[in-house]
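Here's a quick briefing for anyone meeting this structure for the first time. Have a look at it before reading on.

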Protein chains: 2
Amino acid sequence: MASHGARGRSGGRPTLEEVAARAGVGRGTVSRVINGSPRVSDATRAAVEAAVAELGYVPNTAARALAANRTDAIALVVPEPETRFFAEPYFSDMLKGVGAELSDTEMQLLLIFAGSDRERQRLAQYLAAHRVDGVLLVSVHADDPLPDLLSQLEIPAVISGPRSARESLASVDSDNYGGARSAVEHLLSRGRRHIAHITGRLDVYGAQRRVDGYRAALRDAGHDADERLIEAGDFTEEGGRSAMVELLRRRPDLDAVFAGSDVTAAGARQALREAGRRIPDDVALVGYDDSAIARHMEPPLTSVRQPIEEMGRAMIDLLLTEIADRRPAASRGLERHQVVLATELVERASS
Amino acid sequence: MASHGARGRSGGRPTLEEVAARAGVGRGTVSRVINGSPRVSDATRAAVEAAVAELGYVPNTAARALAANRTDAIALVVPEPETRFFAEPYFSDMLKGVGAELSDTEMQLLLIFAGSDRERQRLAQYLAAHRVDGVLLVSVHADDPLPDLLSQLEIPAVISGPRSARESLASVDSDNYGGARSAVEHLLSRGRRHIAHITGRLDVYGAQRRVDGYRAALRDAGHDADERLIEAGDFTEEGGRSAMVELLRRRPDLDAVFAGSDVTAAGARQALREAGRRIPDDVALVGYDDSAIARHMEPPLTSVRQPIEEMGRAMIDLLLTEIADRRPAASRGLERHQVVLATELVERASS
DNA sequence: ATCACTTGTGGGAGCGCTCCCACACTACCT
DNA sequence: AGGTAGTGTGGGAGCGCTCCCACAAGTGAT
């Protein structure tokens with residue numbers, strides 16, 4: 001009795017109502033069983049479950065979403081071009097943690113790229129349509145309007161990286177400051193005295209914090225910071241190479257380099273090689289991220305490991321909590337969830 | 001007047017009805033405007049569009065999905081562990097093509113991994129719930145039950161790679177057979193006579209086809225196929241290395257290697273180096289995929305380029321057509337869409 | 001003037017759920 | 001006996017759309 005032309009194909013998926021009829025109970029009871037409500041007698045539950053199995057019933061997500069005003073889906077938003085997503089191990093590790101933590105949930109994960117303006121446009125539409133219950137925002141840049149949009153739309157969200165003061169979103173971060181400190185302290189303990197730093201992209205909060213940590217470690221050790229020992233990179237190999245060239249020109253006497261990422265370190269290594277400097281004999285090198293690159297570099301690279309996978313897990317935990325008590329961060333006052341995970345220095349032959 | 005406790009939060013999203021009231025028209029008319037029906041007068045359309053803009057109306061996807069029985073979303077299913085997804089450039093190129101082709105559509109793309117049994121279980125649930133309008137299946141293995149499941153559920157789907165006889169799904173493939181032929185013919189034309197082949201994983205159709213092409217090229221050139229010149233790899237670097245070691249042991253006189261992928265070629269190169277063979281002087285090497293690895297190898301690797309991005313585009317085209325005329329492949333008889341795109345040999349210093 | 005279309009429009013019915021109120025029934029106190 | 005909980009259950013109302021039927025109004029042929 002399909003009244004709409006487009007319906008009734010595909011052999012007719014069974015509905016709640018049909019399951020109820022089959023089990024000899026009411027619609028509400030079946031709904032309770034499906035949703036795991038405790039207020040159902042064991043006998044009834046068994047009868048309903050049998051009917052569900054016989055009919056091969058699968059709930060209609062659209063109907064549920066409409067009635068209950070939730071989608072059972074969350075989005076992992078990557079505000080970067082896809083290229084970077086695949087190039088940086090950060091994202092794949094993050095995805096692994098997120099996926100693992102989500103695997104015993106009913107939640108569906110969507111991956112959304114928002115690198116170009118056009119993609120951002122689409123994303124805004126998407127969020128406005130409330131097609132997800134929550135958002136994981138990885139790699140937030142300074143002045144990014146996304147966090148504001150999110151809290152305006154009152155969509156639960158968790159960002160990775162440090163949170164700037166004005167934002168009211170929950171966040172998970174690794175201790176970039178401490179990680180940088182430990183790298184520099186390590187180099188100092190190895191007797192290095194002229195330690196340079198190639199930064200990451202400074203519009204990424206984390207990179208900025210690493211610079212702070214670098215400065216603090218030097219200051220605490222009684223070294224005066226020489227600005228000529230700091231050069232901006234951009235997380236790319238080429239950026240690392242050219243920054244290294246520049247540093248060697250300015251301070252030919254440097255004996256150690258702390259790079260803002262492993263990829264940057266790879267670029268720096270190249271420049272050092274070309275300049276005839278041996279690693280670690282002439283110049284010690286330390287990277288950041290402890291990615292596969294670090295292990296495979298020649299010589300193997302000392303690097304600061306971030307617990308990225310754990311960060312992913314933590315982000316999901318926070319987000320699910322946030323969704324569960326449906327009160328977006330903004331409206332719950334100042335008390336905001338912020339998790340900071342420790343880093344670990346992995347020592348290898350390059351330092 | 002929110003009757004459900006959970007509703008009416010978030011400042012009340014405007015509904016179709018409210019837009020209709022504001023524009024002084026009926027519900028149906030607004031729906032027609034939203035969906036771009038031509039049967040609306042210009043004046044009315046303008047009035048509705050104004051109301052939409054003033055109210056900031058965004059259609060409720062769940063309601064639409066429920067009423068129209070479509071989701072405006074398609075899934076890109078990767079039947080592989082995530083690790084492989086990130087490791088092989090194939091997927092990122094594919095994703096790029098798919099994304100590009102989809103960007104002027106309303107369709108949402110979901111990325112779903114189905115590497116483990118558990119993930120497959122979830123996927124089956126997901127598909128049974130008809131949460132997507134169509135599926136893109138990349139990297140299908142032999143005996144994979146997914147294609148059958150898909151046609152059973154009557155979900156429009158397109159697979160990448162050659163289609164086995166029994167499947168009724170549309171497919172897009174690159175010419176693996178021809179690509180392999182061209183690689184071998186190239187090596188022959190360079191005067192190589194003992195050409196070995198390290199295969200990909202043979203449960204992947206494409207890898208099998210490459211073996212066929214390799215054999216055919218040799219046969220046509222009047223060489224008798226020596227099975228000792230063929231060794232199975234698995235698309236990994238380590239697999240390529242150990243296969244090469246084995247080949248060198250069996251046929252120390254070989255003077256060329258055609259590898260099933262660039263990554264495999266990288267492994268082979270390593271083994272050749274260790275054995276003291278120079279590339280291309282002693283042994284010529286050709287890869288497959290023309291990925292970034294090929295360009296950066298030392299020496300740069302000759303490789304067969306597959307138009308992966310174009311494949312992604314073509315898959316989307318097919319799928320959207322399939323969805324548009326809502327008739328899944330199976331029910332439309334034998335005439336099935338199958339697109340095969342040509343490959344191109346990119347010559348570099350390794351051969 | 002009549003008929004036969006075509007074009008534009010309004011609104012009822014229905015998609016398959018969830019939420020919640022109402023009600024029956026039991027158990028245990030006063 | 002009457003009250004007061006608590007427990008399990010049925011089903012109405014409603015979520016915000018799309019589809020389609022009905023109908024008004026216009027257009028041209030007869």
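What follows is a short tour of how the protein chains sit against the two DNA strands. Keep in mind that this is a predicted model.

In brief, 31 residues surround DNA strand D, and DNA strand C has 30 residues around it. Helices from chain A and chain B line the surface near strand D, and the surface near strand C also draws on both chains.

**Around DNA strand D**

- The closest residues to strand D are A:Gly26, A:Arg27, A:Thr29, A:Thr44 and B:Ser31.
- Sugar and phosphate make up 64% of the strand D atoms that come within 4 Å of the protein.
- Looking at the backbone of A:Gly26, you'll find a polar atom 2.7 Å from a phosphate oxygen of strand D.
- Chain B joins in through B:Tyr57, whose side chain has an N or O atom 2.8 Å from a phosphate oxygen of strand D.
- A base gets a contact too: a polar side-chain atom of A:Arg32 is 3.1 Å from a base nitrogen of strand D.

**Which parts of the fold face strand D**

- Four helices each give at least two residues to this surface: α2 (27–34) and α4 (61–68) of chain A, plus α2 (27–34) and α4 (61–68) of chain B.
- The largest share comes from α4(B), with five residues.
- Sorted by character, the residues near strand D come out as 11 nonpolar, 13 polar and seven charged.

**Around DNA strand C**

- Coming nearest to strand C are A:Ser31, B:Gly26, B:Arg27, B:Thr29 and B:Thr44.
- Of the strand C atoms within 4 Å of the protein, 64% belong to sugar or phosphate, while the rest belong to bases.
- On chain A, a polar side-chain atom of A:Ser31 lies 2.7 Å from a phosphate oxygen of strand C.
- A:Tyr57 also has a polar side-chain atom by a phosphate oxygen of strand C, at 2.8 Å.
- For a base contact, look to B:Arg32: a polar atom of its side chain lies 3.2 Å from a base nitrogen of strand C.

**Which parts of the fold face strand C**

- Two or more residues apiece come from α2 and α4 of chain A and from α2 and α4 of chain B.
- Here α4(A) gives the most, with five residues.
- The residues near strand C split into 11 nonpolar, 12 polar and seven charged.

How values were computed. Residues are numbered from 1 along each chain as its sequence is written. Chains are lettered from A and ligands numbered from 1 in the order in which they are written. This is a predicted model: local features need pLDDT of at least 70, side-chain atom pairs count only at pLDDT 80 or more; totals for chains, interfaces and linings use all residues. Side-chain values use heavy atoms; hydrogens and water are left out. A residue is near a molecule or strand if one of its heavy atoms lies within 4 Å of it. A polar contact is a pair of N or O atoms within 3.5 Å; within protein, one must be able to donate a hydrogen and the other to accept it, and residues adjacent in sequence count only if both atoms are side-chain atoms. Ala, Val, Leu, Ile, Met, Phe, Trp, Tyr, Cys and Pro count as nonpolar, Asp, Glu, Lys and Arg as charged, and the others, Gly among them, as polar.
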